[in-house]
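Biologist: I am new to this structure and would like a guided reading of it. Could you take me through the model step by step?

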2 protein chains.
Amino acid sequence: MQIARLSDQALELRHDGASPIVFPFLWLRDNCPTAFDPQTKERNFDLLSVPDDLKPASAETCDDELVITWPDGHVSRFEQSWLLAHQPGVPRPDAAALPRKIWRAADMPELPRFSGAEILADDRVLLDFLVTTQSLGLSLVDGLAPGQGLDVAQRIGFLRETNFGKVFDVVSKPDPNNLAYTAQALALHTDLANQEIPPGFQFLHCIANEAQGGGSVFADSFAIAEDLRETDPGAFRVLSTVALPFRFHDRAYDIRLRRPVITLRPDGRLDEIRYNAHLTDLIDLPADQLGTFYRAYRAFMKRTRDPAFVIALRLRGGEMVVFDNRRTLHGREAFNPATGFRHLQGCYVDRGEFESRIRVLDRRHDGASL
Amino acid sequence: MQIARLSDQALELRHDGASPIVFPFLWLRDNCPTAFDPQTKERNFDLLSVPDDLKPASAETCDDELVITWPDGHVSRFEQSWLLAHQPGVPRPDAAALPRKIWRAADMPELPRFSGAEILADDRVLLDFLVTTQSLGLSLVDGLAPGQGLDVAQRIGFLRETNFGKVFDVVSKPDPNNLAYTAQALALHTDLANQEIPPGFQFLHCIANEAQGGGSVFADSFAIAEDLRETDPGAFRVLSTVALPFRFHDRAYDIRLRRPVITLRPDGRLDEIRYNAHLTDLIDLPADQLGTFYRAYRAFMKRTRDPAFVIALRLRGGEMVVFDNRRTLHGREAFNPATGFRHLQGCYVDRGEFESRIRVLDRRHDGASL
């Protein structure tokens, strides 16, 4: 490793005959190993303590180290391997940045199935379960006694609280404040589309499912959205730009948000889907936009009824479905509460904690090093 | 109110000689009063149960009512007052959609001050406190016994849990996982910029502040961002488009996110600021973007040190600052733990619950009607 050039703003390093790697001086100072607190690992360097036109007093390579002395006397030492791994333009590797496997019904003859006991006992099974659930957006855990569904969720992280509590019991109730708490059918939907961030991963543990009816349905809304993007780009554009008003309100709450059905990442990839007719408020778009909107919205809706996208299954006591609530649509058939008891227990863990658990479980050699 | 015209897709109503109001047929059917569950108030009508080209079998006005009979026999009745209030293009009034009052130091010689006892006892004071805190992004509550800061927060909604728990105690600790838990100075920042949604409103209740040092500083980052937008639009554009890597990691967590410092709403207004050098990971932008980035970032940073924007105060035991953590920057001077005890107790309530409480307290006449 040699210094190839010192320009006004940057140092260029050459390694193994490859093209020089550019390291701006401000970057080197701001990311000096001493710029981070040794205990908390947080950056503790004040970037304004150096001038805009910061330049080294001296810079040299020595063995496998770059040593820079700054005008204020501070010395920064960078190991070659660190510089190569963290050079500008190279993002930190991320075990949780998993490619999403988009699926249609034919790709999912059965849900990937995991043993609850193994997830609870073995970190490697937990990691495998998390990676699968993150990639496909849907999996099934079995062999769970009542309460153990929550144990699985809490193996990952703390539970996301909402206005329905930390844990919710999906049973037919008197005086329901949500259609989930009736015996009615629920068309495919994502939960809590009215929240700034709808809950990330949902855990629905079937304690009992003895009533007539009450089967479950799922679909990958990303498959539906990608189909729309390809076959009906106008509808895709409307649904990814026109914000709908979502609202939940009862005696205690009135939570509202305006967002499109389809949210894209800056690079155009799908980030999340908000699809919940129950929580869609009166559509207040101007009348001259409603024709275009309804055409696009119905094009999406029709695909949520298309057997090419929808899978159906019947949960049994002890089974739990786990799914990305911001991607995987879920629904149920109506059931007859007079014919038997149906009880699902649900909770959520958000994407942040879910992905964090993948990263922490994936730490092997490099530990928590910066 | 008379029917002025029936087109292929819409009905036009004329009222009091004004221009006709257009009500598309699909909108009328989808928002028929019977389309909402009477108990949960959620939409329970299936939009795909009617055809794309839905048209009424008959439509008439009768007294102050529009009565439509649909081809399947369903009859929709709309009151004139409801149609005028909810016509397409007219958003639902929102008591929580408050204009933000952007402030500089000169606008804030003192924080708006509320009595903790009154907030806890009186809904009208609570609403006044919420509206002020929402508008300015910062207020002060006094007269609080230990624990009562949490009571105030929970008058608004449930607490937002994070990897630091639901309640955090800002004291100098051994083996800290966060610089807040040291005696070091903390430059102005927003908390948890590494979270997909950083916590909304922060409640920092001063239980004791007897050490030398430990004063508090605040600034309205929206004032800083608007100043940048006006005086240095290039820097504003960089900070609102270039996503930075944020990261917190300790033994239990590794939570990451990539976002710009400035997030705008679709209409260009400011939505939130993420500004936390401590949680900014190694800057991994390509080298040829770093010059532009550092110039813009330092322009923002310099304004966070400018007395025109920054206010300083010293919290006393029993006082609590409440601020919009996604807008109001907070920081502290270093303190000397050998000279006395300093203990702040903190918690968060997210924007969704905060705004919901404003709406629920504001319900007077119209209640929860649709």
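Modeller: A definition comes first: helices (H or I, at least four residues) and strands (E, at least two) are DSSP runs, numbered from the N terminus. This is a predicted model, in which local features need pLDDT of at least 70, side-chain atom pairs count only at pLDDT 80 or more, and totals for chains, interfaces and linings use all residues. Residues are numbered from 1 along each chain as its sequence is written, chains are lettered from A and ligands numbered from 1 in the order in which they are written, and side-chain values use heavy atoms, with hydrogens and water left out.

Biologist: How many helices and strands are there in chain A?

Modeller: Chain A has 9 helices and 22 strands. Its C-alpha atoms fill a box of roughly 80 × 55 × 45 Å along the principal axes. Of its 370 residues, 57% are buried, where buried means under 20% relative accessible area, exposed means over 50%, and partly exposed lies in between (1.4 Å probe, protein chains only).

Biologist: Which domains is chain A divided into?

Modeller: The division gives domain 1 (2-86) and domain 2 (105-361), with bounds that come from an automatic or database domain assignment. The C-alpha centres of domain 1 of chain A and domain 2 of chain A are 47 Å apart.

Biologist: And what does UniProt list for residues 8-83 of chain A?

Modeller: An unreviewed UniProt entry lists "domain: Gamma-butyrobetaine hydroxylase-like N-terminal" for that span. UniProt positions are given in the numbering used here, feature names are shortened, and annotations may be inferred rather than shown by experiment. In the model, residues 8-83 of chain A are 13% helix and 32% strand, and the end C-alpha atoms are 20 Å apart.

Biologist: Which annotation covers residues 134-348 of chain A?

Modeller: There the UniProt annotation, again from an unreviewed entry, is "domain: TauD/TfdA-like". That span of chain A is 23% helix and 33% strand, and its end C-alpha atoms lie 14 Å apart.

Biologist: Let us turn to one helix. Is α4(A) largely enclosed or not, and why?

Modeller: Helix α4(A) is largely enclosed by the rest of the structure, because 10 of its 14 residues are buried. Among the buried ones are Val125(A), Leu126(A), Phe129(A) and Thr133(A). The helix covers residues 123-136 and reaches 20 Å from its first C-alpha to its last, close to the 20 Å expected at 1.5 Å a residue; the expected span is 1.5 Å times one less than the number of residues.

Biologist: What caps the N-terminal end of α4(A)?

Modeller: Asp122(A) caps that end, with a side-chain oxygen 2.8 Å from the backbone nitrogen of Arg124(A). After α4(A) comes Gly137(A), which has a positive phi near 80 degrees.

Biologist: Where do residues other than glycine have a positive phi?

Modeller: Two examples are Asp16(A), with phi near 55 degrees, and Lys41(A), with phi near 65 degrees. Most residues other than glycine have a negative phi. Asp16(A) is in the loop between β2 (10-14) and β3 (21-24) of chain A and is exposed, at a relative accessible area of 72%. Lys41(A) is in the loop between α1 (25-30) and β4 (58-62) of chain A and is partly exposed, at 26% relative accessibility.

Biologist: What about Gly200(A): buried or exposed?

Modeller: Gly200(A) is buried, at 0% relative accessibility. Its place is in the loop between β10 (186-189) and β11 (201-209) of chain A. Its C-alpha atom is separated by 5.4 Å from that of Asn325(A), 125 residues apart along the chain. Leaving aside neighbours within four places in sequence, the contacts of Gly200(A) (heavy atoms within 4.5 Å) include Phe323(A), Asn325(A) and Arg351(A).

Biologist: Now chain B. Which side chain does Ser139(B) make a polar contact with?

Modeller: The partner is the side chain of Thr133(B), at 2.8 Å. A polar contact is a pair of N or O atoms within 3.5 Å; within protein, one must be able to donate a hydrogen and the other to accept it, and residues adjacent in sequence count only if both atoms are side-chain atoms. Ser139(B) is found in strand β8 (residues 138-142) of chain B and is buried, with a relative accessible area of 0%.

Biologist: Finally, how can chain B be laid on chain A?

Modeller: A turn of 180 degrees and a shift of 0.0 Å along the axis lay chain B on chain A with an RMSD of 0.0 Å. That is the relation of a two-fold axis. Copies are superposed by least squares on the C-alpha atoms of residues with pLDDT of at least 70 in both. The copies meet through the same surface, because 100% of the interface residues of chain B are also interface residues in chain A.
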